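Colleague: I should be grateful for a close look at a single part of this protein chain, followed by an account of how that part sits within the whole. Please write for a student in the first year of study.

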Amino acid sequence: MILAAGRGERLRPLTDRVPKPLLKVAGKALIVWQLEKLAEAGFSRVVINHAHLGAQIEDSLGDGSRWGLRIRYSAEGQGRALETGGGICKALPLLGDGPFVVINGDIFTELDYAALKLPEHSLAHLVLVDNPEHHPRGDFALQDGVVREEGAPRLTFSGVGVYHPRLFAGCEAKPFPLGPLLRRKIPGGTISGEHFHGYWLDVGTPERYQLLHRKLSHGTGNQP
């Protein structure tokens, strides 16, 4: 599942008329970079949620066949985005009964998606990265492959995770963030994780958007 329902406030005015996932980076929509990586990794089915200017996303990507994918859409409605947790909850009927990967639509990473898996007895597996300059305190600690609230070093959630549907048991398709749900499960040791050391970027501001554009256009650019 690619999360593509955000308004992209920090990227305005770029996102006033174009949804953030369709912003071009080195001549290609940001979400297309994601779709190509997923296809190369062997994925065949993708669910995309959308809200802001969502019809543009469907019109642009279609059924996914050009990438060898089958794309299904979870429409939340203009101005009615359900946040990360609510968006996943609403899409559960499209995601099936087994574990599924969720990727934020506004990141770029060289992570190998084919290597993602959900360890036995885990409800979620989070990919964590070194803290970027704009998020120096991080989100979680990682100890022996288990995500913890406290500890060192602190790491940042990359926006890539593998989840079991049981994590969302009893949820409702209404706005709620994913973070508090994960934190409620952390004490039970059911949230695992890994530390990814490769290239990752949260494309959340015009400056970082231009940084990625330079990297992909010219092979330059450093992780912030």
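Modeller: The part chosen here is Asp 106, which is found in the loop between strand E6, residues 100-104, and strand E7, residues 107-109. The model is a predicted one.

Let us begin with the surroundings of this residue. Asp 106 has a relative accessible area of 14%. Buried means under 20%, so Asp 106, at 14%, counts as buried. Its side chain and that of Lys 20 are joined by a polar contact of 3.0 Å. When neighbours within four places in sequence are left aside, Asp 106 is in contact with Lys 20, Leu 30, Leu 201, Asp 202 and Val 203. Lys 20 therefore appears twice in this description: as a partner in the polar contact, and in the list of contacts.

Two of the residues that Asp 106 touches, Leu 201 and Asp 202, belong to strand E13, which covers residues 200-202. The loop that leads from strand E12 (191-195) to strand E13 holds Gly 198. Gly 198 is partly exposed, with a relative accessible area of 28%, whereas Asp 106 is buried. Gly 198 and His 50 are 148 residues apart along the chain, and their C-alpha atoms are separated by 28 Å.

Strand E12 also leads to another loop. Thr 190 lies between helix H4 (178-185) and strand E12. The side chain of Thr 190 reaches the backbone oxygen of Lys 185 at 3.4 Å. Not counting neighbours within four places in sequence, Thr 190 is in contact with His 121, Ser 122, Leu 123, Ala 124 and Lys 185.

One of these contacts, His 121, deserves a remark of its own. His 121 lies in the loop between strand E7 and strand E8 (124-129); strand E7 also borders the loop of Asp 106. With a relative accessible area of 68%, His 121 is exposed. Its phi is positive, at about 75°, although His 121 is not a glycine. Most residues other than glycine have a negative phi, and most peptide bonds are trans.

Glu 83 likewise has a positive phi, near 65°, and is a residue other than glycine. Its place is in helix H3, which comprises residues 83-95. Glu 83 is partly exposed, with a relative accessible area of 44%. A further point of backbone geometry concerns Ala 152 and Pro 153, which are joined by a cis peptide bond with omega about 0°. Pro 153 is found in the loop between strand E10 (146-148) and strand E11 (154-163).

The region around Lys 20 may also be approached from helix H2, residues 54-61, where Gln 56 has its place. Not counting residues up to four places away in sequence, Gln 56 touches Arg 17, Val 18, Pro 19 and Leu 22. Gln 56 and Arg 17 are 39 residues apart in sequence, while their C-alpha atoms are 9.7 Å apart in space. Gln 56 is partly exposed, with a relative accessible area of 31%. Gly 54, also found in helix H2, counts as buried at 4% relative accessibility. The C-alpha atoms of Gly 54 and Gln 78 are separated by 7.3 Å, although these residues are 24 apart along the chain.

It remains to place these details within the whole chain. The protein chain contains 5 helices and 13 strands. Its radius of gyration is 17 Å, close to the 17 Å that the globule rule gives for 224 residues, so the chain is as compact as a globular protein of that length. The C-alpha trace spans about 45 × 40 × 30 Å along its principal axes.

Of the 224 residues, 50% count as buried, and Asp 106 is one of the buried residues. Among contacts between residues at least 6 apart in sequence, 71% join residues at least 24 apart. The contact between Asp 106 and Lys 20 illustrates how residues apart in sequence may meet in the model.

The accessible surface of the chain comes to about 10700 Å², of which 49% belongs to carbon and sulfur atoms. Finally, the chain carries 26 positive and 24 negative charges, and the mean positions of the two sets are 3 Å apart.

Conventions:
Residues are numbered from 1 along each chain as its sequence is written. This is a predicted model: local features need pLDDT of at least 70, side-chain atom pairs count only at pLDDT 80 or more; totals for chains, interfaces and linings use all residues. Side-chain values use heavy atoms; hydrogens and water are left out. Helices (H or I, at least four residues) and strands (E, at least two) are DSSP runs, numbered from the N terminus. The radius of gyration is taken over C-alpha atoms; the globule rule is 2.2 Å times the number of residues to the power 0.38. Buried means under 20% relative accessible area, exposed over 50%, partly exposed in between (1.4 Å probe, protein chains only). Contact means heavy atoms within 4.5 Å. Accessible areas come from the Shrake-Rupley method with a 1.4 Å probe; for residues, only the protein chains shown count as cover. Lys and Arg count as positive and Asp and Glu as negative; His and the chain ends are not counted. The place of a charge is taken as NZ of Lys, CZ of Arg, CG of Asp or CD of Glu. A polar contact is a pair of N or O atoms within 3.5 Å; within protein, one must be able to donate a hydrogen and the other to accept it, and residues adjacent in sequence count only if both atoms are side-chain atoms.
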